[in-house]
Amino acid sequence: MRPCRKCSSPLTESNSRPTDWANRIYLCRTCDNEERNERRAKNPEAAQARMKKWREANPEKVRERGAVYRENHRVSINEKAREYRINNRPHLKVIRLQWKDTLKREVMAHYSGGPVPECKRCHYLDLRALTIDHIEGNGSAHRRELKGGGVRMYQWLKANNYPLGFQVLFMNCQFIKKCENVEHSNPVKANLG
Ligand SMILES: [Zn+2]
Ligand SMILES: [Zn+2]
């Protein structure tokens, strides 16, 4: 085996890339990295373009390396993310509110059957007082299952491709619906209410 053409140290499988020998590249890893760094310093754009080409050709390696990197740098990544959250609190709050509002509007519109969410009974329009109603009335059990209503419910409905059994009601109309259901199933209790 030839020695490294730069530093003349003998090449082994551990200090160089055996796959390079076949291409007649005789460099130890140290010298190879040095040359790479020199090339990169001389022409950073070309190095970036090569890197981009390589990433596009090797998506699974990119994923693997990304996973290894994240695993090895978990603490600093989390620290940076935490710092970002702290420094951008008001901005992130606005983004989250916008995201919630968009999601709610989307889910409500779907169950209203039109572009503008409205109460199924009285056609009330103010989104803030509209709610997703479980038509069969098992809402509280479902919310317990999801560990919450509101956003969690909207996310669940969307993720499950908008299952049947839900409608949009104005909160007052939902309250009245509950009273009516109690009257049907338990007239005594309804009279006491
Ligand atoms: Zn060398
Ligand atoms: Zn209504």
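Angles between helix axes under 35 degrees count as roughly parallel, over 145 as roughly antiparallel, 65 to 115 as roughly perpendicular, and the rest as oblique. The structure discussed here is a predicted model.

Q: Why are H6 and H8 called oblique to each other?
A: Helix H6 and helix H8 (residues 151–159) pack at an angle of about 55°. An angle of this value belongs to none of the three named ranges and falls into the rest; H6 and H8 are therefore oblique to each other. Their axes are 10 Å apart, and the crossing is left-handed.

Q: Which residues in H6 and H8 meet?
A: From H6, the residues are Lys 100, Leu 103, Lys 104 and Val 107. Their partners in H8 are Val 151, Tyr 154, Gln 155, Leu 157 and Lys 158.

Q: How do you know that the span of helix H6 agrees with its number of residues?
A: Helix H6 covers residues 89–112, which makes 24 residues. The expected span is 1.5 Å times one less than the number of residues. For H6 this gives 34 Å, and because the end C-alpha atoms are 34 Å apart, the two values agree.

Q: What makes H6 hardly covered?
A: A residue is buried if 20 or more other C-beta atoms lie within 10 Å of its own. Among the 24 residues of H6, the count of buried residues is two. After the helix comes Gly 113, with a positive phi near 75°.

Q: Why is Asn 181 called partly exposed?
A: Partly exposed residues lie between the exposed ones, with 12 or fewer neighbouring C-beta atoms, and the buried ones, with 20 or more. Asn 181 has 13 other C-beta atoms within 10 Å, so Asn 181 is partly exposed. This residue is placed in helix H9 (residues 171–185). Asn 181 and Gly 137 are 44 residues apart in sequence, and their C-alpha atoms are 8.9 Å apart in space.

Q: How do you know that the protein chain does not have the radius of gyration of a compact globule?
A: For a compact globule of 193 residues, the radius of gyration would be near 16 Å, whereas the protein chain has 31 Å. Along the principal axes, the C-alpha atoms fill a box of roughly 100 × 30 × 30 Å. Of the 193 residues, 9% count as buried.

Q: What elements does the protein chain contain, and in what order do they run?
A: The protein chain has 10 helices and two strands. From the N terminus on, the order is α-α-α-α-α-α-β-α-α-β-α-α.

Technical notes. Residues numbered from 1 in each chain as written. Chains lettered and ligands numbered in written order. Predicted model: local features only at pLDDT ≥ 70, side-chain atom pairs only at ≥ 80, totals over all residues. Helix = DSSP H or I, 4+ residues; strand = E, 2+ residues; numbered from the N terminus. Rg over C-alpha atoms; globule rule 2.2 N^0.38 Å. Axes fitted to C-alpha atoms, helices over the stretch in contact; angles between N-to-C directions. Left-handed = near helix turned anticlockwise from the far one by under 90°. Contact = placed C-beta atoms within 7 Å.
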